[in-house]
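Visitor: I'm new to this, and I'd like to know where the labels come from. Can we go through them together?
Guide: Sure, ask away.

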Amino acid sequence: MRIVAMALGASILCTAARAPATEITVTDCTLAPVLVLGGSTRIDVGANDLVLACPLRPLSGTRKIKLRANTITIRGPDGGISSDSKGIAIDLRADDMIVIKAAALEASDGNGGMQLVSRNGFDIENAVLATGAGTLAGRRTTIRCTAPDCPLTMLKSNLLGHYIRIKTLGKIVAVNNTIVTRGSRDLIDIRSLESDADLCCTKVDGRTEGNFVVQAFCQVNLTRSEVHVGEGILVTSGIGDGGCVGPTSTLLTGTTLDNDFGKLGEIVVTADHDDATIDIDQATLIDDDVRHPGDVSTLNGCATLPRSGCPNVTGTAATDS
């Protein structure tokens with residue numbers, strides 16, 4: 001009888017643990033659960049889900065904003081976050097997901113940045129994530145998830161800043177976005193450590209010292225994307241040692257990779273340690289390395305024309321110089 005009671009108690013506890021989180025919607029950003037704590041404006045709803053449906057700005061006496069919840073949803077057009085603080089001005093931490101729909105997160109100080117960390121991934125659509133203002137570059141924008149297979153979906157959104165770092169373990173689907181960096185030594189660094197990185201139809205604009213890096217455990221898809229940065233472009237698929245169900249190729253079909261302004265740099269594209277295919281059909285590849293006359297982009301370790309002599313490079317580029 002005691003065993004049955006213990007089993008029943010364990011079952012009740014397990015059922016309670018699986019109960020869905022309560023959704024807490026904030027429509028007035030001056031009232032609880034918005035509060036001042038440790039010199040910051042904070043909303044912390046613990047294991048519950050937070051929906052922010054009002055424009056959140058620092059309360060009196062504070063400049064930084066911190067949100068904690070199971071799932072954080074920022075829903076426009078009314079919901080959004082802005083801060084003029086230095087350092088990490090906007091800090092979001094979710095035990096499950098971070099969802100941003102038709103909303104803006106703005107850290108306007110020239111030395112301000114933002115950090116978005118979730119356990120199970122991101123769903124960002126029609127959003128604006130911006131650091132700095134005017135000619136000010138802002139600092140680091142970090143988007144990171146931590147659980148195995150945690151994905152990032154980012155659609156029709158604008159990222160503006162200085163250092164933009166995106167790191168996931170799951171698949172990245174970031175399609176039809178615009179990413180703009182400004183300031184000295186700007187960087188865009190996108191990595192899927194256990195899956196694919198799909199950046200189809202995305203436009204990237206960097207400055208004279210700008211660098212662009214995309215790495216994926218399996219496939220990288222930059223089809224019909226445009227990348228214009230002043231210094232280096234590094235694209236690498238198949239960074240793992242096997243374990244991909246699908247292809248480990250790099251797709252540059254109709255893609256533009258251009259570093260023909262600003263400082264000297266290299267364009268280096270590698271598909272699975274030179275063993276997988278790079279498709280350059282109708283691509284525009286412009287490498288500015290005047291230190292080596294006649295040098296072109298390095299594809300699977302090959303920097304010579306015609307590309308028919310390069311290992312695992314297919315298609316004919318529209319421009320290859």
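Visitor: What makes C218 a buried residue?
Guide: C218 has a relative accessible area of 8%. Buried means under 20%, exposed means over 50%, and partly exposed is in between, using a 1.4 Å probe and protein chains only. So C218, at 8%, counts as buried. One thing to keep in mind is that this is a predicted model, where local features need pLDDT of at least 70, side-chain atom pairs count only at pLDDT 80 or more, and totals for chains, interfaces and linings use all residues. Residues are numbered from 1 along each chain as its sequence is written, and side-chain values use heavy atoms, with hydrogens and water left out.

Visitor: How do you know that C218 and C244 form a disulfide?
Guide: Look at the sulfur atoms: they are 2.0 Å apart. A disulfide is a pair of cysteine sulfur atoms within 2.5 Å, so the pair of C218 and C244 fits. The torsion about the S-S bond is -95°, and this link is left-handed.

Visitor: Why do you say that C218 and C244 tie parts of the chain together?
Guide: C218 sits in the loop between β24 (211–216) and β25 (220–221), while C244 sits in the loop between β27 (232–237) and β28 (250–251), so the link ties together parts that are 26 residues apart in sequence. The β labels are strands: DSSP runs of E with at least two residues, while helices are runs of H or I with at least four, and both are numbered from the N terminus.

Visitor: Why is C244 called partly exposed?
Guide: C244 has 22% relative accessibility, so it counts as partly exposed. 

Visitor: How many disulfides are there by this rule?
Guide: The count comes to four. One of them joins C29 to C54, with an S to S distance of 1.9 Å. C29 is in the loop between β1 (23–26) and β2 (35–37), and C54 is in the loop between β4 (49–52) and β5 (55–56), 25 residues apart.

Visitor: Why is the disulfide of C29 and C54 called right-handed?
Guide: The torsion about its S-S bond is about 85°, so the disulfide is right-handed. As for the cysteines themselves, C29 is buried at 8% relative accessible area, and C54 is buried at 3%.

Visitor: What makes C302 and C310 a disulfide?
Guide: Their sulfur atoms are 2.2 Å apart, so they pass the disulfide rule. The link is left-handed, with -55° about the S-S bond, and both cysteines are buried. If you number the bonded cysteines in sequence order, the pairing goes 1-2, 3-4, 5-6, 7-8.

Visitor: Are C200 and C201 buried or partly exposed?
Guide: One of each! C200 is buried, with a relative accessible area of 12%, whereas C201 is partly exposed at 22%.

Visitor: Why is R224 called exposed?
Guide: R224 has a relative accessible area of 53%, so it is exposed. You'll find R224 in the loop between β25 and β26 (226–228). R224 also has a positive phi of about 55° although it is not a glycine.

Visitor: What about N300: is it buried or exposed?
Guide: N300 is at 2% relative accessibility, so it counts as buried. N300 has a positive phi too, near 50°, and it isn't a glycine either. Its place is the loop between β33 and β34.

Visitor: Which peptide bond leading to P306 is cis?
Guide: That's the bond from L305 to P306, with omega near 0°. P306 lies in the loop between β33 (298–299) and β34 (313–314). The bond from A32 to P33 is cis as well, with omega near 15°, and P33 is in the loop between β1 and β2.

Visitor: Why is T256 called buried?
Guide: T256 has a relative accessible area of 15%, so it counts as buried. T256 is found in strand β29 (residues 256–258). Leaving aside neighbours within four places in sequence, T256 is in contact (heavy atoms within 4.5 Å) with S225, E226, V227, H228 and T284.

Visitor: And how many helices and strands does the chain have?
Guide: The protein chain has one helix and 35 strands. Buried residues make up 50% of its 321 residues.
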